[in-house]
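Q: Please take a close look at one part of this model, the strand that lies second along the chain. I should like a connected account of its surroundings, with the helix and the aromatic residues included.

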Amino acid sequence: MTHLVEFFRTEDGEPWGLFVYGHVEPASVAKELQQTFERHRDLGEVDEEWDGWAVDPGEIRQYWMYQREDAPEDLSFYWCEAGRAGAISVTGIRF
């Protein structure tokens with residue numbers, strides 16, 4: 001199954017989150033997460049210090065996040081706890 005993989009960076013360009021939407025079996029998305037990270041790295045969107053970084057399937061977790069409508073577009077997602085109004089389930093890596 002192919003998932004929509006998202007890769008978000010901080011204002012400083014550092015990796016912030018690499019995830020798929022929904023709570024899925026973490027190991028089932030490791031390859032897709034790695035491919036997405038490599039694609040962004042190859043496009044020059046990740047600093048060289050991240051060269052050689054690889055997804056560790058044991059570090060993939062299920063999280064919750066929400067989107068602030070009033071935040072700048074590139075800063076609109078925030079990690080949160082389950083049950084928060086507007087929370088979205090995701091599975092991936094927090095940097």
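A: The account below begins with confidence, turns to the strand and its partners, and then moves to the helix and the aromatic rings.

The model is predicted, and its confidence sets the frame for the description. The mean pLDDT of the protein is 91, with 94% of the residues scoring at least 70. Strand S5 has the highest confidence, at 97, while strand S4 (residues 77–80) has the lowest, at a mean of 91.

Strand S2 covers residues 15–21. Of its seven residues, six are buried, so the rest of the structure largely encloses this strand. Two pairings involve S2. With S1 (5–9), S2 pairs in the antiparallel sense over five bridges. One bridge between these strands is that of Val5, whose partner in S2 is Val20. Five residues separate S1 from S2 in a hairpin, and Gly13, in the turn, adopts a positive phi of about 85°. The other pairing is with S5 (88–94): S2 and S5 run antiparallel and are joined by five bridges. Here Gly17 has Arg94 of S5 as its bridge partner. In a regular strand, side chains alternate between the two faces of the sheet.

Leu18 is a useful residue from which to view these surroundings. Leu18 belongs to strand S2 and counts as buried because its relative accessibility is 0%. When neighbours within four places in sequence are left aside, the contacts of Leu18 include Val5, Glu6 and Phe7. Its contacts also include Leu33, Thr36 and Phe37, which are listed among the buried residues of helix H1. Further contacts of Leu18 are Trp53, Val55, Thr91, Gly92, Ile93 and Phe95. One of these, Thr91, stands 73 residues from Leu18 along the chain, yet the two C-alpha atoms are separated by 8.4 Å.

The helix comes next. H1 comprises 13 residues, 30–42, and spans 18 Å from its first C-alpha to its last, close to the 18 Å expected at 1.5 Å a residue. Its buried residues are Ala30, Glu32, Leu33, Gln34, Thr36, Phe37 and His40. The cover over these residues includes strands S1, S2 and S5. In an α-helix, with 3.6 residues a turn, residues three or four places apart point the same way. Just after the helix, Gly44 takes a positive phi of about 80°.

Two residues outside the helix add to this picture. His3, in the segment before S1, is buried because its relative accessibility is 18%, which lies under the 20% limit for that class. Apart from residues up to four places away in sequence, His3 touches Val20, Val24, Val29 and Glu32. Val20 is the bridge partner of Val5 in S2, and Glu32 is one of the buried residues of H1.

Trp53 sits in the loop between H1 and strand S3 (61–67). At 21% relative accessibility, Trp53 is classed as partly exposed. Its contacts, again without residues up to four places away in sequence, are Leu18, Gln34, Phe37, Ile93 and Phe95. The C-alpha atoms of Trp53 and Arg41 are 9.9 Å apart, with their positions 12 residues apart in sequence. Gln34, for its part, lies in helix H1 and is buried at a relative accessible area of 14%. Beyond its neighbours within four places in sequence, Gln34 is in contact with Trp53, Ala54 and Val55.

The aromatic rings complete the description. The model contains 16 aromatic pairs. In one of them, Phe7 and Phe95 have ring centres 6.4 Å apart and planes at 85°, so this pair is edge-to-face. Because Phe7 is in strand S1 and Phe95 in the segment after S5, the pair ties together parts that are 88 residues apart in sequence. Phe7 is buried, with a relative accessible area of 8%, whereas Phe95 is partly exposed at 33% relative accessibility. Both Phe7 and Phe95 are in contact with Leu18. A cluster linked by ring pairs contains Phe8, Trp16, Phe19, Tyr21, Tyr63, Phe77 and Trp79. One further ring has a charged partner: the charged end of Arg84 sits over the ring of Tyr66, 3.5 Å from its centre.

Note on methods:
Residues numbered from 1 in each chain as written. Heavy atoms only, no water. Helix = DSSP H or I, 4+ residues; strand = E, 2+ residues; numbered from the N terminus. Expected span 1.5 Å × (residues − 1). Buried < 20%, exposed > 50% of the residue type's maximum accessible area, 1.4 Å probe, protein only. Contact = heavy atoms within 4.5 Å. pLDDT = per-residue confidence, 0-100. Phe/Tyr/Trp six-rings, centres within 6.5 Å; stacked < 30°, edge-to-face > 60°. Lys NZ or Arg CZ within 6 Å of the ring centre and 35° of its normal. Pairing = 2+ DSSP bridges.
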